[in-house]
Amino acid sequence: MNLQEKDFKYVWHPYTQMKDCETNPPLVIKRAEGAKLFDEEDNFYYDTISSWWCNIHGHNHPKIVKAINEQLKKLDHTLFAGFTHEPAILLAEKLVEITPPHFTKVFYSDNGSTAVEVALKMSLQYWSFHDKPKRTKFVSLDYGYHGDTVGTMSVSGVDLFNEVFQPLFFDSFKAKTPYNISVSEALLDLEDILKNHHDELAAFILEPLLMGAGGMIIYPKEYLEKAAELCKQYNIHLIVDEVATGFGRTGKMFAIEHCDQTIVQPDFICISKGVTSGTLPLAVTLTTDAIYETFYDDYENKKTFYHGHTYTANPIACAVGLATLKIFKDEDVLNKIIPITEQLAKGLERFSDLGVAIRQLGMVAAIELDCQKFSFKDRIGYHIYQAGLKENIILRPLGNVVYLYLPLCLTADDLEFILDKTYKVVKQYA
Ligand SMILES: Cc1ncc(COP(=O)(O)O)c(C=O)c1O
């Protein structure tokens, strides 16, 4: 039995109809380097979606490989309650340094969904300590996505991915996304919810400026700024989910940096994916002194935050987090990508010939095909994915939205190749 046959026999893949694997088995990836993945025959594929939006500095970056090896010689893993270690401490210090100044405390977990769950639970528990036990609900955007656990699905939009699980969801309010409607209309909808329900609300959660799984929706910063003001006005927490947008992807270290920082001052920021440059699972929920101090008390007062995961703050992942941040500095990554993001903007112009809608933020581009042209049965995304592989690029459209979610290590030549091939594929289907 070869590897693909064994895979089919034993493995159940995520977001995959396994019956498809009978005819189109998953590619066996043997190695990776920089922005490319290589299969068993050494064919290359540009990792144009950064391995599910997490790779930042390219695969197998020598400094990250070194950090893993060095850390592994010292400490592989330890529990994080009653114990601590240097990589977690130093990474927390650095994360506090690079996030807005009011973020002072770091709570570790191990994936994007858990980073969000932690923020939701902390927010709810905060209000219970402030004699507001009725504040148990959340507001989120109707196209939002915050993960696949039951809690995060409850604050995500309901679609093909999760509609079957709806009976498990807790109640939450869905505000209209500023997409296909104006910012002011969306804000009115949000304000309406806050005005009528603030007594039962703990927090508003959203992805700042770029909503990934909802279809790479990019909305104006004015929405986030005004929404932040409304949260302050109605005294509810603001949780920004930077799981997918953090670590330079939008052109700034964090997407909230595109906004006026004196206005957008969230109570929680959730990060994961890029924190290890997409190498190892790690997540962080950062919060403020105000939240932290509410929990800080004598043990008998029962204010402990009872939440933790086995691999919380894994030392190797934290060492990789430190290496990831060092590469940002040493290689001047945020400045280096400026011409690449400009090249991307320019390169996208030619797609307008194809009658598609185009949007871009930093290293992320979305090309939205006319959905009227396709039905669910057409499986347009699946066909585009297959066509992309033939052109050495990885395209996994979200519905009718073809997108590029590019690693920050990309060169001008890499990008030219990717844009040419993407254009060729999109042209076949637009
Ligand atoms: C904005 C956002 N939040 C949370 C998550 C969940 O992260 P994970 O898949 O690591 O649980 C994702 C995953 O894509 C995401 O895009």
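Reader: At what relative accessibility does Y296 count as exposed?
Author: This is a predicted model, in which local features need pLDDT of at least 70 and side-chain atom pairs count only at pLDDT 80 or more, while totals for chains, interfaces and linings use all residues. Residues are numbered from 1 along each chain as its sequence is written, and side-chain values use heavy atoms, with hydrogens and water left out. Buried means under 20% relative accessible area, exposed over 50% and partly exposed in between, with a 1.4 Å probe and protein chains only. Y296 counts as exposed, at a relative accessibility of 60%.

Reader: How many aromatic pairs does the count come to, and what is the geometry of the F107 and F305 pair?
Author: Rings of Phe, Tyr and Trp (its six-membered ring) pair if their centres lie within 6.5 Å, with planes under 30 degrees apart called stacked, over 60 edge-to-face and the rest tilted. The count by this rule is 19 aromatic pairs. For F107 and F305, the ring centres are 5.2 Å apart and the planes stand at 75°, so this pair is edge-to-face.

Reader: How many residues apart in sequence are the parts that the pair of F107 and F305 ties together?
Author: Helices (H or I, at least four residues) and strands (E, at least two) are DSSP runs, numbered from the N terminus. F107 belongs to strand β4 (residues 105-109), whereas F305 is in the loop between α10 (289-295) and α11 (315-330), so the parts tied together are separated in sequence by 198 residues.

Reader: Which of the terms buried, partly exposed and exposed applies to F305?
Author: Its partner F107 is partly exposed at 22% relative accessibility. F305 has a relative accessible area of 15%, and therefore counts as buried.

Reader: What kind of aromatic pair do Y292 and Y296 form?
Author: Y292 is partly exposed, at a relative accessible area of 35%. The centres of the Y292 and Y296 rings are 5.7 Å apart and their planes differ by 40°, and the pair is tilted.

Reader: Which domains give residues to the largest nonpolar core?
Author: A nonpolar core is a set of buried Ala, Val, Leu, Ile, Met, Phe, Trp, Tyr and Cys residues joined through side-chain atoms within 4.5 Å. The largest has 105 residues, among which F204, M216, Y223 and F247 touch the most other members, and α11 gives the most to this core, with seven residues. Domain bounds come from an automatic or database domain assignment. The core lies between the two domains, because residues come from both domain 1 (3-57 + 332-429) and domain 2 (65-329).
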